[in-house]
Amino acid sequence: MIKRLQILLLVPLAVLLLALLFRSNPSANTSEQATGAAVAVPFSGVPVQPGSFTNADFARHVDQLRKTLPSSDFTVIIQPPFVVIGDESPVSVKEHAEKTIKWAVDKLKQDYFSQDPKQILDIWLFRDSASYEKNTFTLFGEKPGTPYGYYSSAHKALIMNISTGGGTLVHEIVHPFVEANFPACPPWFNEGLGSLYEQSGEVDGHIHGYTNWRLPGLQTAIRAGKVPEFKYLTALDAHGFYNEDKGTNYGQARYLCYYLQQRGLLVKFYREFHAHQKQDPTGYKSLQKTLGLVDMNAFKQKWEKYVLGLQQGFEVDSLPPPDGN
Ligand SMILES: [Zn+2]
């Protein structure tokens, strides 16, 4: 049975209605940010700052998007700063939009990011690998390099095989926010933060990464003495990080972020690094400063011992407070 085209346009419809009502009122606020709630925004409203879009902007974007939908199976939901499009049931798409996307956006903004992405980005949630592969090719003319999903800055889209779970979705949501808030961020921290939150939940009202599948591979590499110095990891450019990865870059970056998180230092590190990015483009000096450590070889030994003591699926929060050595 072919599903009826389900487009959830309640918000833009409300906006259109309000736009008509407010047309003759020149004092109407033209700079409301779209929040997902029906906000009185004239249709001609302009963004107040780069990356913030009005409900009317979203409505226009969805109108354009509808023309490109590969089939009538897709549900479209405006979930600022994204538009979510999926071919699971409308209930499931809505659930991902609210429970994963809205949650991750709210929590990431709470601790890290003040700016939304500078363009409206689409999040495509394909229901299985067949849909993911077929539609990625139809829409973007490319074959995914990963079975899970990825962020394409060029296509202004997060392209996900949602049947593999919501973890990669949260990981990929981190990237456009890093791009908007910290464009010079080196790959190790962009991927460290993204992969930290691919297995996450909420602790004390904040987003919190848990140990995950990247741990055993990293532990094996540590035992084999194959994990490079942090000075090397942090200095890697995109080519070095992505194309010359010996299999440890993501894990090392993730569990460095995890270590900082468990010591209550991750947000502090982000702010320190962000503030000093010009003087310290790799983040290495900010890392040293945040850790209170000068001897990074000693730190690496300590970190490796810590990582070897972690277990997938268990929280280890029994670390002593930072001791500065
Ligand atoms: Zn990533």
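Where does K156 lie? I found K156 in the loop between β5 (149-152) and β6 (157-161). Helices and strands here are DSSP runs, numbered from the N terminus: H or I with at least four residues for a helix, E with at least two for a strand.

**Ground rules.** I am working on a predicted model, where local features need pLDDT of at least 70, side-chain atom pairs count only at pLDDT 80 or more, and totals for chains, interfaces and linings use all residues. Residues are numbered from 1 along each chain as its sequence is written.

**K156.** I looked up the backbone here and got a phi near 50°, a positive value in a residue other than glycine. Most residues other than glycine have a negative phi. I then checked burial: K156 counts as partly exposed because it has 14 C-beta neighbours inside 10 Å. My cut-offs are 20 or more other C-beta atoms within 10 Å for buried, 12 or fewer for exposed, and partly exposed in between, with C-beta atoms placed from the backbone.

**P80 and P81.** I checked the peptide bond from P80 to P81 and it is cis, with omega near 5°. Most peptide bonds are trans. P81 has its place in the loop between β2 (75-79) and β3 (82-86).

**The β7-β8 hairpin.** Next I turned to β7 and β8, which form a hairpin with 2 residues between them. The strands run antiparallel and are joined by 4 bridges; pairing requires that DSSP finds at least two bridges between two strands. I noted one pair by name: V203 has H206 in β8 as its bridge partner.

In the turn sits D204, with a positive phi of about 50°. Its loop runs between β7 (200-203) and β8 (206-209). Is D204 buried or exposed? D204 is exposed, because I count 5 other C-beta atoms within 10 Å of its own.

I also followed the side chains along β8. I207 and G209 point to one face and are buried, while H206 and H208 point to the other and are not. In a regular strand the side chains alternate between the two faces of the sheet.

**F273.** My last stop was helix α11 (residues 266-275), where F273 lies. F273 counts as buried because it has 24 C-beta neighbours inside 10 Å. Which residues is F273 in contact with, leaving aside its neighbours within four places in sequence? I listed D280, G283 and S286, taking contact to mean C-beta atoms, placed from the backbone, within 7 Å. For F273 and G283 I also noted the C-alpha to C-alpha distance: 5.6 Å in space, with the two 10 residues apart in sequence.

Notes:
Contact = placed C-beta atoms within 7 Å.
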